[in-house]
Amino acid sequence: MSTSDQNSSVETNATSSSSKPESPNADLKLDFASFWDYSSAPESSDNVEIKPSYGHFINGEFINPVKGRTFSSINPATEKVLTEISEATTEDVDKAVKAARTAYNKRWSTLPAKERGKYIFRIARMIQERSRDLAITESMDGGKPIRESRDVDVPLAAAYFFYYAGWADKLDYAFPGRKAESLGVCGQIIPWNFPLLMLAWKIAPALATGNTVVLKPAETTSITALKFAEICRDSGLPDGVVNIVTGAGQTGSAIVNHNGIDKIAFTGSTSVGKIIQKSIAGTDKKYTLELGGKGANIVFEDASIDQAVEGIINAIFFNQGHVCCAGSRLLVQEGIAGKLTKKLKERMETLIVGDPLDKNTDIGAINSKAQFERISEYIELGKAEGAEIYQTKNGLPENGYFCRPTLFSGVSQSNRIVQEEIFGPVLTIQTFRTPSEAVEKANNTPYGLSSGIWTDRGSKIFNIGSNMDSGVVWANTFNKFDPTSPFGGYKESGVGREGGLHGLYPYVNLV
Amino acid sequence: MSNRIDILKTYKTYVGGAFPRSESGHTYALSNKSGKTIANVCRCTRKDVRDAMVKARAAQNGWKNRSAYNRGQILYRIAEMLEGRKDQFESEMELMDIKKKIARKNIELSIDRLIYYAGWTDKISQVYGTVNPVASSHFNFSIPEPTGVVGVIAPQEFPLLGLVSMMAPVIAGGNTALILASEKYPLSAVSFGEVLHASDVPGGVVNILTGYQNEMIPHLSSHLDVNGVYNANSDKDIRKLIDENCALNIKRRQHITDAEWTDSNQESPYHIMDFQEIKTTWHPIGV
């Protein structure tokens, strides 16, 4: 389902330590390009309708921004303008919050839970019906490979709505000993790395628990949220239950600081998360924050190496590395470091970086010019910090923001490229000798979102896993997501969980 | 009345399983209603908060890795020890002008509350953990784990019951605690430290400082190694300050407002859950 599953066919005879039999093909290099060339296989965008401009979706209809300001949404793979997006000022946000409040009081909170659930089921179905359109739009607007938007983002978005729809009338079973009450109006601010999927993570549990919503997509990826607004309208969802306002940081700030908001749900960078937590200090607003990460991916000597290589690739290059839970720090046990690094580099060379709409593409475009520059700065920084850089040699498209898969070795724990979230296809590699050294290095950042463990030993998985300060532990796998599975961080990676039963807590008062 | 001169107790702090005085040597005089000085209490400051924090952090991993059963037994042991010292706590509260009947009730409730949470340690992950039926071929489960080190700001009233009601869920869940005692009624907190010391609670799991809360709260809430703040101080400005400081490193924070500490709904597994992190583990299913 993702760029590279851990069960890839190449490594069934994978071996790692010398005690195991070696496959006769163990040292064969992965070499696809010498045997054949890939013909391009672009997904057609002919029937995808993107309007020349979009207003805000408030109280069930698209309306123009009060102050009339707009900005362009760019296709990062071509640098061409896709559409004009409205910028919401405090006036627009105020309208949206009032619409959400009215809808909450008059309609949504009085609706029987069973009926509420049916609307959410309807939304899930409509996402499935429009999945092709949504997937292509997502790839055009955000730069992610069509294979990913088609097979991961959009189906998972539908799955989240389907999962939470079922909770609407079963909340009594979710909180033993307490009764769950809805909060009111939720202000939700989402990032650009998984635009529609993050919207689903936010809106589905909020609606299921009986709240109404004002959501702001990221300014570079608003289009699928606005297409979702059309789904809300077409599904007959009562007006004002879901409101979508578009804009950048100032719009987000207007939502956070609005007095009519009962709860803030934010996914984005840790620095903005801190600003939000500070802004709502002294108020009764509830909040969940899903912030940055610097996930450690730990490979032990007894791991299946080829399987681990696939997992490492998936951990850091999935979605161009624009993943808060990416496995961006590779920790390899010393004995296999040389062999693994060699295999990893070979595998990196096979990755196809290019047109997001091409079905062959593994790595699409960096989401925006600003992010492209940020990643480039970190790559320069890595060199300046004295790390050794390896980048793949394959060709890149002429236009658009593309970044080669990048590996830094010879780094130390205190290097900024090891401590700070780069949010791009950039991996650092460190080695360790003992499990306790691995744990210490893995936990030695302010973050705590995800970690990976690669080993053949179950006991080691449980031991290392329980010592990870991270909300998600992927053992012999990486970057898997599911609506039933809670997600969220320890430490500075955030507060609260999204997904699963635990994802209901942040949207209710328990009485 | 005999001619014997009473031995007056020196009230110190409880940090890292020992009873140090405040680093600065400062104290404040505690008087009863009639104006008589009844004790000199340590007035802890920033350095004491930092020292206690080091102890709380050092104890965290060991406490977290105790079995849930063992943590439950230790909480039960605290209750046992307190039961045997009811009279001491009662007379101490009377010294601070708390009526005997109220004191008695609060002490008994404190004991019961400890037992309530002792019983939760090995049930919380059964009730609030899940096995998640993911659509892909993976085994996936979520369990609660302690948040880490939690700063507890105890209420001014209910010197023992308030402190116990806040401490018990925090440590039952495997966290370690740094507690700022009631500054109005600090004596029970200090004596409770002695109970903890006699109850197999590993040193550093609970640390109790006395002093002016306003002086210590800014340092406690801004300390970058504190993972959570559990606050019963009701001052609006203080609360805002705590919230702002918590934003420095995304601390979890819970405020308790006008709690009826004697009410049975103060006993709740959700108080444990307030300082738990859900950890989700995935593993492929295959051959």
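## A pair of strands at one edge of a sheet

In chain A, I389(A) stands opposite F408(A), which belongs to strand 15 of chain A. Strand 14 of chain A and strand 15 (residues 406–409) of chain A run antiparallel and are joined by four bridges; here strands are DSSP runs of E with at least two residues, helices are DSSP runs of H or I with at least four, and both are numbered from the N terminus. Two strands are said to pair if DSSP finds at least two bridges between them. In general, the strands of a sheet pair through backbone hydrogen bonds, in either a parallel or an antiparallel sense.

The structure is a predicted model, in which local features need pLDDT of at least 70 and side-chain atom pairs count only at pLDDT 80 or more, while totals for chains, interfaces and linings use all residues. Residues are numbered from 1 along each chain as its sequence is written, and chains are lettered from A and ligands numbered from 1 in the order in which they are written.

## A sheet shared by two chains

The two strands of chain A described above belong to an open sheet of 10 strands with mixed pairing, in the order 14(A)-15(A)-16(A)-13(A)-12(A)-17(A)-18(A)-10(B)-4(B)-3(B). Its edge strands, each of which pairs on one side only, are strand 14 (388–391) of chain A and strand 3 (130–131) of chain B.

The sheet passes from one chain to the other where strand 18 of chain A pairs in the parallel sense with strand 10 (residues 276–284) of chain B, over three bridges. At this junction V472(A) stands opposite T280(B) in strand 10 of chain B.

## The contact between chains A and B

Between the two chains, 40 residues of chain A are in contact with 30 residues of chain B, where contact requires that the C-beta atoms of two residues, placed from the backbone, lie within 7 Å. The elements that give two or more residues to the chain A side are helix 8 (270–279), helix 14 (458–467), strand 18 (472–475) and strand 19 (494–495) of chain A. By class, this side of chain A has 18 nonpolar, 14 polar and eight charged residues; Ala, Val, Leu, Ile, Met, Phe, Trp, Tyr, Cys and Pro count as nonpolar, Asp, Glu, Lys and Arg as charged, and the others, Gly among them, as polar.

## Chain A as a whole

Chain A contains 14 helices and 20 strands, and along its principal axes its C-alpha trace spans about 70 × 55 × 40 Å. The radius of gyration of chain A is 23 Å, which agrees with the value near 24 Å for a compact globule of 511 residues; this radius is taken over C-alpha atoms, and the globule rule is 2.2 Å times the number of residues to the power 0.38. Of the 511 residues in chain A, 58% are buried, a residue being buried if 20 or more other C-beta atoms lie within 10 Å of its own, exposed if 12 or fewer do, and partly exposed in between, with C-beta atoms placed from the backbone.

Chain A is divided into domain 1 (9–37 + 293–475) and domain 2 (81–291 + 490–510), with bounds that come from an automatic or database domain assignment. The centres of these two domains of chain A, taken over C-alpha atoms, are separated by 31 Å. In chain A, 23 residues of domain 1 are in contact with 16 residues of domain 2, and the side of domain 1 that touches domain 2 has nine nonpolar, 11 polar and three charged residues.

## Strand 6 of chain B and its neighbours

Strand 6 (residues 176–180) of chain B is mostly covered, with five of its five residues buried. T176(B), L178(B) and L180(B) point one way from this strand, while A177(B) and I179(B) point the other way. Strand 5 (residues 149–153) of chain B runs parallel to strand 6 of chain B and is joined to it by five bridges, among which G151(B) has L178(B) as its bridge partner. Strand 6 of chain B also pairs in the parallel sense with strand 7 (residues 206–209) of chain B, over four bridges, and there the bridge partner of L178(B) is N207(B).

Strand 5, helix 6 (residues 161–172) and strand 6 of chain B make a right-handed β-α-β unit; a crossover is right-handed if, with the strands pointing away from the viewer, the path from the first strand over the helix to the second runs clockwise. F158(B), in the loop between strand 5 and helix 6 of chain B, has a positive phi near 50° although it is a residue other than glycine, and F158(B) counts as buried because it has 24 C-beta neighbours inside 10 Å.
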